[in-house]
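What follows is a guided reading of one protein model, moving from a single residue to a pair of helices, then to one helix and its surroundings, and finally to the chain as a whole. Please keep the sequence and the coordinates at hand while reading.

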Amino acid sequence: MIGRFSGVGVALLMVDQNELFVPDISVNLSDEVLIKAVACCAEKHLCRDSVQVSHYPHYANSQATDAKLTQDGYCLLPINWPSQALFGYLYLDVVACVLDEDGVTDALHLLALCQASIERDLSAIYRQYRLENRSNDISVSQSRDISLQLFIDSLKEHVWIKDPSGRYIVVNKSVEAAWSRPKAEIINHTDEELFDSKLAKEFIQSDQESIIRGVQVTAGECEGLDIDDVSSWLETTKVPVISDDGELTGIIGITRNISSHKAAQEQLEMAANVFENSVEGVLITDAKGDIVEVHGAFTDITGYSREEVLGKNPRIFSSGRHNKAFFRSLWQSLLSTGKWYGEIWNRRKSGAIFPEQLTISSMYDDEDQVRYFVAVFADISAQKQSEEELERLVYHDPLTQLPNRMTLSAQLAQELHHAQREQTELALIFIDVDLFKHINDSYGHVAGDTILVDLAKRLSKQLKGQGSLARLGSDEFVALLPHIESRDRVSLMVSLLREVFKAPFVLDDDVIVRLTASMGVALYPGDGDSADTLLRNADAAMHRAKLNGRNNYAFYTQSLTLESVEHLKLQSALHSAITNNAFHLVYQPKLDFSTGETVGFEALLRWVDPLMGNISPAIFIPVAEKIGVICNIGLWVLNSAARQGIEWLKQGKHFGRISVNVAGPQLQDAGFFDEVKTVLEQTGLPPECLELEVTESCMMSDPKAVIKLLKKLGDLGVELSVDDFGTGYSSLNYLKRLPIDKLKIDQSFVRDIPHNANNTAISKAIIALGHALNLTVIAEGVETLEQAEFLRQSGCDEAQGYLYSKPLLPSELNKFLG
Ligand SMILES: Nc1nc2c(ncn2[C@@H]2O[C@H](COP(=O)(O)O[C@H]3[C@@H](O)[C@H](n4cnc5c(=O)[nH]c(N)nc54)O[C@@H]3COP(=O)(O)O)[C@@H](O)[C@H]2O)c(=O)[nH]1
């Protein structure tokens, strides 16, 4: 049975209006029955002994005053302030639930008594509290002699007061305006009478909430009508009015228009939403540059999680593609203007580099100091790809992928500008396939396209990086050759481009097609100084080539065409001159000045082309060097001269030495030494019967290597002489170290001797120098006795020239052979 209830000691502390605290109210009625008080405040529920009020079904009906035991064996009774505000709950827990029906009734009765007792105490506490605070209230009300109505009418908020039964007793002017009713129609009316039932119910419910909680409550936001029927967001605050006795005397409501606040909030929410769902990444650093926050697509773009980057410096994204100057200018702009905008290459966590569109803004504090840097960036890899694709489509020919006319014009304009500045020449070669229309008509456009693609590849390859190729459309191509040092290079390139038509074009079905092309050349600055003019003139030249029978080429300036035709013929004839036996050697004797005896013969090459006739080595040797056949020709000369020497030796004829000219490319050929050795071995010519003439300029191109080679040749027993001495820039230092035997005074110095003071002085100096270095000195191009006499008196050792003999065939040299 239940023990006797002897009362509950309750001490209430009122911290402030919103927070009431109940010390332990816990009464053990018996082992089985426990009554506890559960405190409550307006904002939160304070639970004693871990009892969660909200867990109890009764809580949902917190106004229930009936003391009834639930099936689970407990009961919850509300404790209210005199104002009806909820103070807390009394909680009866029948622990073991062993009570019989009477026992339960007694326990509940006891609970109800506790409830009444606590509420009485609360009333007393409240009165005491009010008494203590009253003096302040009086002084405040006395010091303000403004009527309540006047005060609230001056507010734009809607202000009203209801009595405890829910009738409006005070409203201000804003209420009249907003509800479009005069005061008389509002006062003494309830919400049910003024509004539709749904709205009225909402209003009453929120009144109740405020009353129960005993504190000011915000009755929620709603979309409603404000003054002048403007649809707005309204927020109503309700607060119960409590008399000095703690009784509820009414409820005050204040409604304010929160539309602008709401709009700002919505905007903030939207911005936050946009940030979070943005395809852009957001990175915020502090003024030191350490990352403090990331948002949006940051992780998607960079691959780094927020946690991985917080506190780090953004240089972890550095791609290494930008130099210091780039970042210097970025910071300069950021610090001076507060913004930087541009494209940057960054690195993802995976290490992949990607382009991003980046905007960095500085955020300042109240003292105008940078507080944050906010970087908003977008991955523009896809955009870049599309741009590149677009650019490819706009600037390139879709069939051959070559630059198109537009690109050529831009490139040409740029090259012209460069050529103008550098004072160099450039060339345009206009290429048009002859009768290409027939290909399309006979084999179809697909076949035509195949050929054009193949042709584009062949032409590009042939240009070998010396120029660029563009397709203007159809069967028209243009090669642009910038920085041309000589027109020969253009002729050579024309012949190389014509070469590509030698091989047939093979179609899918093994059909073989042979094509030719007509080409026109225009040169800057001679044939025009603008892109348009040059293109037009190259085109005109190409048409002239067509008129000349196709499979042809023409320079815009006709004299160049003629010059070049010869040149090209020369080149192609040179290629086959050796196999066609078009070369032969002539020999010019060299004599000792003091004895007049023959000391040797210089082998000189002669080329008689069946169509072009005699061609001077002064013309074809440089061409042979340019087209890369000089080494073959040189070897042929060496071989032929050695054979001639052996021939003479076999015939018992003494010739001294046979000298052979060695060209620059031969000296640079790694196999040259072996070639000389092999020729000597194969022909049987003693090395001391061979002399190699090397020009001064060739030796000086790579003196160290030449010294090495000449030493080896000298060690073989071959004599070495410096040809054309005086025309190059011999370093005396090197000359001293060269393993040479002879200096040959160039014929240009001999020519005006003894009338030209300079030439005589130079000749004398060369002779003196040669002797100082222990070398034999020979003069070439000696044509007159006067020259011979001067040179002999000057100490020159040997002579060669027309005075003694022109270069002759071996059969004509008997008088010079001993
Ligand atoms: N790498 C090679 N170069 C060669 C070879 N054969 C010749 N050449 C070089 O070609 C240049 C022209 O040679 P060429 O027309 O044979 O003229 C030579 C002589 O004929 C000419 N000469 C000789 N004596 C006189 C003279 O009294 N008057 C005059 N006007 N000309 C004369 O001089 C040329 C000899 O020159 P050089 O070789 O410097 O002794 C010429 O540079 C040849 O070297 C070859 O096989 N390989």
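In this predicted model, Ile-118 counts as buried because it has 22 C-beta neighbours inside 10 Å, where 20 or more are required for that label. Ile-118 belongs to helix 2, which covers residues 101–143. Ile-118 can also be related to a residue elsewhere in the sequence, since its C-alpha lies 8.8 Å from that of Asn-80, although 38 residues separate Ile-118 and Asn-80 along the chain.

A second place to look is the pairing of helix 14, residues 436–443, with helix 15, residues 445–463. The axes of helix 14 and helix 15 are 6 Å apart and meet at an angle of about 135°, which means that helix 14 is oblique to helix 15. Helix 14 contributes Ile-439, Asn-440 and Tyr-443 to this contact, while helix 15 contributes His-445, Ala-447, Gly-448 and Ile-451. Sorted by class, the residues of the contact between helix 14 and helix 15 comprise 4 nonpolar and 3 polar ones, with no charged residues.

Further along the chain, helix 27 spans residues 757–772 and has 16 residues. From its first C-alpha to its last, helix 27 reaches 22 Å, close to the 22 Å expected at 1.5 Å a residue. Which residues of helix 27 are buried? They are Asn-759, Ser-763, Ile-766, Ile-767 and Gly-770. Viewed down the axis of helix 27, these buried residues fall within an arc of 95°, and therefore they line one face of the helix. On the other side of helix 27, Ala-757, Asn-758, Ala-761 and Ala-772 are exposed.

The buried residues of helix 27 pack against both strands and helices: the strands are strand 29 (719–725), strand 30 (742–745) and strand 31 (776–780), and the helices are helix 26 (747–750) and helix 28 (785–793). Just after helix 27 ends, Asn-774 adopts a positive phi of about 70°.

Turning to the whole protein, the model contains 28 helices and 32 strands. Of the 818 residues in the protein, 32% are buried. Among contacts in the protein with a separation of 6 or more, 56% are made by residues 24 or more positions apart.

Note on methods:
Residues are numbered from 1 along each chain as its sequence is written. This is a predicted model: local features need pLDDT of at least 70, side-chain atom pairs count only at pLDDT 80 or more; totals for chains, interfaces and linings use all residues. Helices (H or I, at least four residues) and strands (E, at least two) are DSSP runs, numbered from the N terminus. The expected span of a helix is 1.5 Å times one less than its number of residues. A residue is buried if 20 or more other C-beta atoms lie within 10 Å of its own, exposed if 12 or fewer, and partly exposed in between; C-beta atoms are placed from the backbone. The arc is that of the directions from the helix axis to the C-beta atoms. Two residues are in contact if their C-beta atoms, placed from the backbone, lie within 7 Å. Axes are lines fitted to C-alpha atoms, for helices over the stretch in contact, and angles run from 0 to 180 degrees between N-to-C directions. Angles under 35 degrees count as roughly parallel, over 145 as roughly antiparallel, 65 to 115 as roughly perpendicular and the rest as oblique. Ala, Val, Leu, Ile, Met, Phe, Trp, Tyr, Cys and Pro count as nonpolar, Asp, Glu, Lys and Arg as charged, and the others, Gly among them, as polar.
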